[in-house]
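Got your viewer open and ready? Let's take a short walk through this model, one selection at a time.

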Amino acid sequence: MNKDKSQTICPLPWNHLATTSSGTYRLCCNSVDQENQVKKDGSSLKIYKNKFDNVRRGNFYNEVRKQMLLGKRPSVCQTCYELEDEGVPSSRESYRKQYWETTQKIELLAPEQSNDLEGFPIQYIDLRLGNLCNLRCRMCNPWSSSSWIKEAPYMFENESFQVLDWPEKNEAWIDEILKHTEIEEIYLTGGEPTLIKANIRLLNLLLSRGGEDIKIKINSNVVALESELLNTLRNFKNVQFKCSIDAMGELNDYIRAPSLFNDIEASVDMLLQESFNIEVQTTVQNYNFLNMPEWFSFCIKKDWPEPTLTILDDPACLDIRKIPENITEFALLEFNKNLNSFNLSENRRLKEISKLIGISPDEKQWQGFIHFTSKLDDLRSLNYRPRFSFDSLTII
Ligand code: SF4
């Protein structure tokens, strides 16, 4: 095996199809936002207009694959490489393990074979069929949540926003999915996938074609669990239900408005009675990183799965890596104090958070955090303050 290639190659540019909520093809959901969207002559290429087989043979994908085969790091994948540099497991590493046979085949390719895609079927699909959502989480935006649209003109400049309902208007996207016959896994998110009817349509079509072995991964805020969707999912042999929850109690209600933590707790308890594989997926950001030990302790006591963590990088102003130097020492001290008080100082996932606090300090992003938080709190008429609060920098 070529050692340099193993440091750069990820199987996804060979075996993955992903879209944004507007239907634009993108490299994958971990890659650098905007830079990862596929365009031709300035126009975005869409799953309901453009054939993926042509798209993945175009310049964008070919260049990413060529760089990886040359042992170089494509800039669009810097999120993964930066985590690895910090000793934190990346999505690239986990996809290499998951698609190990494909990865080994890729590593035998020469750089000039970067567009030789025979023998590399699409195995993994990540679909966002619009932005219909019932929540307006603080770290989200109107492109991913229709509930954000009303507040968006006050928070985002020079943009117009709408409910993205292209999956209902043009069904060509369904053929684009169904033509792939070697799909192993489909990831559905949104918007809120439990509210998007097109997901149920797609799942039923897959079942009618004998697709019950396809692994279905669904990322839900678990606020509105629709029984029609649950009934459909019960027909698949392997369903992974990723419950997106970032905190408990009032902090949940602050981050994931207008949800109430009690409802979420009841949903997870209910899902745990199902035959699905349940995961608690937590997005770590400025608002909640200090509460992580408490959150882990709650999950342990409830006998829920230990949360898996995503370190938020967009919006950058909420990224814990950007905490400025003069505040990092204080943040680390408080974080470690909380770890100790919940007897979790040896927890591997929590220790990874402490490696990242303030590693790329950015005063401009800190000012952005203050501005964004104050403005949104005013707009939502909130007095609640999370523990890591910029306005006092003392723990509440
Ligand atoms: S290296 Fe990371 S960002 Fe790039 S395609 Fe793989 S998972 Fe996505």
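The residues around the ligand divide into seven nonpolar, three polar and one charged (Ala, Val, Leu, Ile, Met, Phe, Trp, Tyr, Cys and Pro count as nonpolar, Asp, Glu, Lys and Arg as charged, and the others, Gly among them, as polar). Before selecting them, note that this is a predicted model, where local features need pLDDT of at least 70, side-chain atom pairs count only at pLDDT 80 or more, and totals for chains, interfaces and linings use all residues. Numbering starts from 1 along each chain as its sequence is written, and side-chain values use heavy atoms, with hydrogens and water left out.

**Stop 1: the ligand.** Select Cys10, Leu12, Leu27, Cys28, Asn30, Ser31, Cys77, Cys80, Ser91, Arg92 and Tyr95 to see what surrounds the ligand (a heavy atom within 4 Å of it). Which helix gives the most to this shell? That's α6, residues 91-98, with three residues. Helices here are DSSP runs of H or I with at least four residues, strands are runs of E with at least two, and both are numbered from the N terminus.

**Stop 2: a helix pair.** Now pick α16 (residues 325-341) and α17 (residues 348-356), which pack at about 170° with their axes 10 Å apart. Axes are lines fitted to C-alpha atoms, for helices over the stretch in contact, and angles run from 0 to 180 degrees between N-to-C directions. The two are therefore roughly antiparallel (angles over 145 degrees). Show Leu332, Phe335, Asn336 and Leu339 in α16, which meet Leu350, Ile353 and Ser354 in α17 (contact means heavy atoms within 4.5 Å). This contact has five nonpolar, two polar and no charged residues.

**Stop 3: another partner for α17.** Add α15 (residues 292-302), whose axis comes within 11 Å of that of α17 and crosses it at roughly 170°. That makes this pair roughly antiparallel too. Met292, Pro293 and Phe296 of α15 touch Arg349, Leu350 and Ile353 of α17. Here the split is five nonpolar, no polar and one charged.

**Stop 4: backbone oddities.** Most residues other than glycine have a negative phi, and most peptide bonds are trans. Zoom in on Ala257 and Pro258: the bond from one to the other is cis, with omega near -5°. Pro258 is in the loop between α13 (249-255) and α14 (261-271). Next, go to Asp314 and Pro315, joined by a cis bond with omega near 5°; Pro315 is in the loop between β10 (308-311) and α16. Finish at Asp41, with its positive phi near 50°, in the loop between β3 (39-40) and β4 (43-44).

Notes. Angles under 35 degrees count as roughly parallel, over 145 as roughly antiparallel, 65 to 115 as roughly perpendicular and the rest as oblique.
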